[in-house]
Amino acid sequence: MTTTTTTTNKIPIIKNENNNNNNNNNSNKIPIIKNENENDNNNNNKKKTIIKNENDNNNNNNNNNNNNNNNNNNNNNNNNNNNNWEELKLFKNKLDLKKTLFSAQSFIWKEILINETINEYVGVIGDNIIVLRYKEGSEQDIIEYKFIDSEKRINHDSELMKMKDRISILQNYFYLDLDINELFKKWRNDEINDDGDGDSGCGGGGGGGGGGGGGGGGGGGGGGDDDKKLHQLNQQFRKSSNKFLGLRLTRQNPVDCLFSFICSQNNNVSRITSLVNKLIITYGSKITDYNDIDYYKFPTLNQLSNATIQELNDLGFGYRSKYIVESCKQVIEKGGEQWLNQLKLKPHLEVQKELTTLMGVGKKVADCVSLMSMNNPNAVAIDTHIYQISKKYLPSLTKNSSSLTPKLYQDISNLWESVFGDHAGWAQTILFANELSVFKENKKNIKIKKEINNNNNNNNNNNNNNNNNNNNNNNNNNNNNNNNNNNNLKIELKNEKELKIEKENLKRKIITRSTTTTNIINDNDLNPKNKKKK
């Protein structure tokens, strides 16, 4: 990893080790295992009488089993090869696919559930369908990908596209040349100034932060803990950072990005996604299908120039219909895609000035395009969410401010850049994503989860109670068995007593009969009291 030291805000650049491994990856061809069954078949064709003992048969069976295993291995290897997945190693430079692709930067990606452990993310970059997923067992440190062209060829090598080119496209799209861990460390811990005197160092915006949280400034001057030294925006970022570590900025095609964000005006993410996809399907060129879903390239300027206001109105674009038609004409007049690409070489404010000459493009849309397609990660696109967050820290944004004037817009932009530096737009994207409903667990979902957990606990308790009841029943059965045994014993004892009494009675009868008298003595006669009475 190398570090650029021209300015204090530069972030270490990640060395690309994927390209160094390309030749090795290309040379890792699956070995072909010779099938020895063919030799056996040839031998069988020769008509010879061969006497084999049982040991020979066992050996042949073992050889056949080995051959079958080899064939199975060959089949498995061939199946893996047919899948044509290639790998992009991240080297701990985190990339959260879901949070990045669904953070309202791009609106063309789909999430497809393959099974309980694997999700695929499918979209379009340039002329190819792109399929992304994490490699199983890699702890999300290796991305597996497919580039599918119009002929359904997967990761097809040609003169214009090799494996290193595919890796380069993904690295460029996800800003993988920048170390996200260093960026997050900076955004979480960057002190307002180095001398710890409690001053904001943020110009007018920083002064607002100090005024809004005077106790925090005083704590910083007194050498308190890190949280007291941080600007309040840093503190707010710290609260959200763990959840969004891996949310990366995207670098898109300028035409795609421009017209997508023209559709975004006064819209929610779901509706923006719907409009962008209508634009693509109606005016773009179909690439092919993947998993029974058709995918299209974003329309070129020439294709978009065929759109009419009435057609777009019929599709539901509303007042944006005129913006799309007129801005397309203006871009073509200025030089088309070449003019847009030249803006990549200009700083943020110049790009903003140029783009706002287009119909329907204000500062917010211009900054979105500058941030996500023109290499200006310091551009802060200020929408309702960012405006509300900024009001807490900027005194010029009073509660009575009903409109975002050009001066207020610039004040907010200066505030964010003073706190987060050259990549303020990336930090803003993360705090913006924290406000999106797609990444929030509403109270109803939390309540349902609690109920599920409670039900599970109750079920477990019921199962334990049932087990205890079963144990009690078993104990009762054992007790019953013991009682039965005791009763049997009592019966046996009783029988013994009766037998003894009968023997005694018989003995008495015998004795009585042996006397000279002929009277038979009953039991009453044996009672001494009765004798006395006599």
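Select Asn119 in this predicted model and display the residues around it: leaving out anything up to four places away in sequence, Asn119 touches Glu111, Ile112, Leu113, Leu132 and Arg133. With side chains shown, one of these neighbours deserves a distance label, since the side chain of Asn119 makes a polar contact with the side chain of Glu111 at 2.7 Å. Leu132 lies 13 residues from Asn119 in sequence, and the two C-alpha atoms are 8.6 Å apart in space. Asn119 itself belongs to strand β3, residues 119-125, and its relative accessibility of 24% makes it partly exposed.

Now widen the selection to the sheet. What is the order of its five strands? The sheet is open and runs β1-β5-β4-β3-β2, with antiparallel pairing. At the edges stand β1 (86-89) and β2 (110-113), and because each has a single partner strand, one side of each is left without a neighbour in the sheet. Turning the view along the sheet, one can follow a twist that averages 30° from one strand to the next.

Stay for a moment with β2 and β3, which pair in the antiparallel sense over four bridges; to locate one of these residue pairs, pick Ile112, whose bridge partner in β3 is Glu120. Then move to the other edge, where β1 pairs with strand β5 (residues 142-148), again antiparallel and over four bridges, and where Lys89 has Ile142 of β5 as its bridge partner. Showing the side chains of β1 brings out an alternation: Glu86 and Leu88 point to one face and are buried, whereas Glu87 and Lys89 point to the other face and are not buried.

Next, select Glu139, which lies in the loop between β4 (128-134) and β5. Is Glu139 buried or exposed? With a relative accessible area of 70%, Glu139 is exposed. Its backbone is also worth checking, for its phi is near 55°, a positive value in a residue other than glycine. Most residues other than glycine have a negative phi.

Leaving the sheet, select helix α5, residues 163-173, and colour Met163, Arg166, Ile167, Leu170, Gln171 and Tyr173, which are buried. Looking down the axis of α5, these buried residues fall within an arc of 165°, so they line one face of the helix. Just after α5 comes Tyr175, which takes a positive phi of about 50°.

Go on to helix α6, residues 180-189, and begin at its start, where a side-chain oxygen of Asp179 reaches to within 3.0 Å of the backbone nitrogen of Asn181. The buried residues of α6 are Ile180, Leu183, Phe184, Lys186 and Trp187; seen down the helix axis they fall within an arc of 160°, so they too line one face. To see what those residues pack against, add α10 (232-244), α20 and α21 to the selection.

With α20 and α21 on screen, isolate that pair. Helix α20 covers residues 406-420 and helix α21 covers residues 424-433, and their axes come within 8 Å and cross at roughly 100°. The two helices are therefore roughly perpendicular to each other. To display the contact, show Trp416, Glu417 and Phe420 of α20 together with Ala424, Ala427, Gln428 and Leu431 of α21.

The last stop is a hairpin. Strand β6 (residues 286-290) and β7 pair in the antiparallel sense over four bridges, and Asp289 has Asp294 of β7 as its bridge partner. Select Asp294, which is found in strand β7, residues 293-296; apart from neighbours within four places in sequence, Asp294 is in contact with Lys286, Thr288 and Asp289. Which side chain makes a polar contact with the side chain of Asp294? That of Lys286 does so, at 3.2 Å. Asp294 is partly exposed, with a relative accessible area of 36%, and its C-alpha atom is separated by 9.1 Å from that of Ile281, 13 residues away along the chain.

Finish at the turn of this hairpin, which has two residues between the strands and in which Asn291 takes a positive phi near 55°. Asn291, which is not a glycine, sits in the loop between β6 and β7, and at 43% relative accessibility it counts as partly exposed.

How values were computed:
Residues numbered from 1 in each chain as written. Predicted model: local features only at pLDDT ≥ 70, side-chain atom pairs only at ≥ 80, totals over all residues. Heavy atoms only, no water. Buried < 20%, exposed > 50% of the residue type's maximum accessible area, 1.4 Å probe, protein only. Contact = heavy atoms within 4.5 Å. Polar contact = N/O pair within 3.5 Å; in protein donor to acceptor, adjacent residues only side chain to side chain. Pairing = 2+ DSSP bridges. Axes fitted to C-alpha atoms, helices over the stretch in contact; angles between N-to-C directions. Arc of directions from axis to C-beta. Parallel < 35°, antiparallel > 145°, perpendicular 65-115°, else oblique.
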